[in-house]
Amino acid sequence: MIVSALQRLVDEGRLSLPDGVPTQVRVERPKVKEHGDYATNIALQLAKKAGLNPRDLATDLAGVLAEHDGVSAAEVAGPGFLNLRVAADAQGQVAAHVLQAGADYGHSELYAGQKVNLEFVSANPTGPIHIGGVRWAAVGDSLGRLLTFAGADVTREYYFNDHGAQIDRFARSLLASARGQEAPEDGYGGQYIHEIAADVVAKHPDVASLPDPEATEVLRAEGVALMFAEIKASLHDFGVDFDVYFHENDLHESGAVERAIARLDELGKMYEKDGARWLRTSDYGDDKDRVVVKSDGQAAYISGDLAYYLDKRERGFDRCLIMLGADHHGYVSRMMAMCAAFGDEPGVNLELLIGQMVNLLRDGEPLRMSKRNGTVISLEDLVGAIGVDAARYALSRYSTDSPIDLDLDLWASTTNDNPVYYVQYAHARLSSILRNAADLGIDHGLDRFDPGLLEHEKEGDLLRALASFPEVASRAAELREPHRVARYLERTAAAFHAFYAVCRVLPQGDEDVTDVHRARLVLVDATRQVVANGLGLLGVSAPERM
RNA sequence: GCCCCCGUAGCUCAGGGGAUAGAGCAACGGUUUCCUAAACCGCAGGUCGCAGGUUCGAAUCCUGCCGGGGGCACCA
């Protein structure tokens, strides 16, 4: 629209642009509503090229744009901003769009046709999921929902690390417990070790008396299976289910690791030094090359990553996203280098999302966690303390770039300052109005909806909030930032509560039902839908009553 | 020493180059004959860590410094 207006000015000889008319003009929704419904800074950007004063250019543009249907006003403001106002009925129409789209409102085709692999949590099955992993469970799952909403074909994947030294330590810790001995120096402690060891012993009464290698093997296999089942169950209770549980062991047993290394060999990315086989990651920005096969012939950890990445690509994933904690940020450059070594594009085919840590406080003091001593705060502990909804919301509400301090006492006792209730309460209130309307037999079908009746300031605020949901959802998916949805919901809930305080929706007493009541009910219905859609993206429930 | 993240109101944090930097909590003062007061309204609170640079315009982008957190294996 603005492009054609510019073109018209040029055609009429009122404007000359040496570089031609831009094909794209950035239009944004201003933060302050006094600046209209849409605003553009195009005049500021083009003024220099056109040799005009920005305000004059903006004024000319405004004159052309104001003639457009659906534009109620075009104003020049500040140094040369152009603010556009949408006619009231066009704005009110948003509510009808929302109800027509229903649960799909906000859906986009941003990633249509793309297969996305989203790997997250991937905690080792050597203990319960601890608090750090829970953040990725909440954020990762929500990101999965967002990407699906943005049209991607998403596979949630859990990389199940059942190969290597940590599992060995786990098995030895179980053996020690089964024999009533102290946990090994480098092992795991804690109540869960004893419980799992006891479970295995119940199944295999003679396990403690077997020779070490056999006993360790039994405990490893059974213990890992039990631990894994427990992790899966607690994630499920948290509302997080994975499509694929990928076992690292399979990569080693199927020859996938050898194939990945052979592939890199063909590409000339490998060399031998000091009896080990190295990958030239430093050619692609890594600090130094990495050992893939150790001098003792054992595969180094990265070999599993190589094979795993290749496997994902061979399974047809266009984008592989991996969520990692800040303690793994050192892997980013080597993983990206690995991606490049395969001839792929880092940042597109492989993307690593680094999130900061979660710290727990009790009585204002940091809680020290130690796997050795078994002082872990698990997913169940957190959920037991504050509930699934509050936990998921609290963990998703902040940018993953910032560490969060969760004060357990605060979250457990004073739920009042928890924003999740603010949003959920809005949903309950909305549902309540709709229930009451149904009881009164008021029909608010769209055939009778007159969007022009929604002309109160607070109705406008609310409509603008509803209109911005699709953009918020796709932006959150694009930036991999679910917290934007939470913040959006808080803004929208606030707009609704403010509307509710001044705009009566249902008729009072013997009052007749008017089209204003019906129009407001459409708005309420639409708001409920948007809040429900948003909460759904976070995996938080939308209660009908509170 | 090198790498990553952060530094915005008393506290916890939003703010992907724009207009007067926002919200919740905490503090203070109001609002309920009627749709859920877990709400609303008002008031107050700021050198956006510091210094340069780019730009018509910087909390936002670049460089340096200071402060906090995390990480730098032929461990996994």
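Helix α16 (419–439) gives the largest share of the surface near RNA strand B, eight residues. Here a residue is near a molecule or strand if one of its heavy atoms lies within 4 Å of it. Helices (H or I, at least four residues) and strands (E, at least two) are DSSP runs, numbered from the N terminus.

This is a predicted model, in which local features need pLDDT of at least 70, side-chain atom pairs count only at pLDDT 80 or more, and totals for chains, interfaces and linings use all residues. Residues are numbered from 1 along each chain as its sequence is written, chains are lettered from A and ligands numbered from 1 in the order in which they are written, and side-chain values use heavy atoms, with hydrogens and water left out.

**RNA surface**

There are 60 residues around RNA strand B. Those that come nearest are His329, Tyr331, Tyr425, Ser432 and Gln508. By class, the surface near the strand holds 26 nonpolar, 16 polar and 18 charged residues. Ala, Val, Leu, Ile, Met, Phe, Trp, Tyr, Cys and Pro count as nonpolar; Asp, Glu, Lys and Arg count as charged; the others, Gly among them, count as polar.

Which parts of RNA strand B lie within 4 Å of the protein? Sugar or phosphate accounts for 56% of those atoms, and bases for the rest. Three base contacts are listed below. A polar contact is a pair of N or O atoms within 3.5 Å; within protein, one must be able to donate a hydrogen and the other to accept it, and residues adjacent in sequence count only if both atoms are side-chain atoms.

| Residue | Protein atom | RNA strand B atom | Distance |
|---|---|---|---|
| His329 | side-chain N or O | base oxygen | 2.9 Å |
| Cys503 | polar backbone atom | base nitrogen | 3.3 Å |
| Met546 | polar backbone atom | base oxygen | 3.2 Å |

Elements that give two or more residues to this surface include α2 (42–50), β4 (81–86), α6 (165–178) and β9 (276–279). Also among them are α12 (331–341), α18 (469–479) and α19 (483–502).

**Cavity**

The structure holds one cavity of 30 Å³ or more. The space in the largest cavity is about 30 Å³. On a 1 Å grid over the protein atoms alone, a cavity is a set of points where a 1.4 Å probe fits but cannot get out, and lining residues have an atom within 4 Å of a point. Grid points are joined across faces, edges and corners, and a volume is the space filled by probe spheres set on the points.

What lines the largest cavity? The lining is Ala256, Arg259, Ala307, Leu310, Asp311 and Glu314. Both α10 (256–266) and α11 (301–314) supply at least two of these residues. Helix α11 has the largest share, with four. The lining divides into three nonpolar, no polar and three charged residues.

Lys312 also lies in α11. Its relative accessible area is 1%, so Lys312 is buried. Buried means under 20% relative accessible area, exposed over 50%, and partly exposed in between (1.4 Å probe, protein chains only). The side chains of Lys312 and Glu119 share a polar contact of 2.8 Å.

**Backbone and arginines**

Val121 is not a glycine, yet has a positive phi of about 65 degrees. Val121 sits in the loop between β5 (115–119) and α5 (131–149). Is Val121 buried or exposed? Val121 counts as buried because its relative accessibility is 13%.

Arg480 also has a positive phi, near 55 degrees. Its place is the loop between α18 and α19. Arg480 has 9% relative accessibility and therefore counts as buried.

Arg504 lies in the loop between α19 and α20 (515–538). With a relative accessible area of 45%, Arg504 is partly exposed. Its side chain reaches the backbone oxygen of Leu506 at 2.8 Å. From Arg504 to Ala467, C-alpha to C-alpha, is 22 Å in space and 37 residues in sequence.

Arg55 belongs to helix α3 (residues 54–65). At 37% relative accessibility, Arg55 counts as partly exposed. The C-alpha atoms of Arg55 and Met338 are separated by 52 Å, with these positions 283 residues apart along the chain counted as their separation.

**Chain and confidence**

Chain A has 546 residues, of which 51% count as buried. The chain contains 20 helices and 15 strands. Its C-alpha trace spans about 90 × 65 × 40 Å along its principal axes. The average pLDDT (the predictor's confidence in each residue, from 0 to 100) is 88, and 93% of the residues score at least 70. The model scores ipTM 0.95 and pTM 0.93.

Terms used
1 Å grid on protein atoms, 1.4 Å probe; cavity = no way out; pocket = protein on both sides within 12 Å on 5 of 7 lines; lining within 4 Å.
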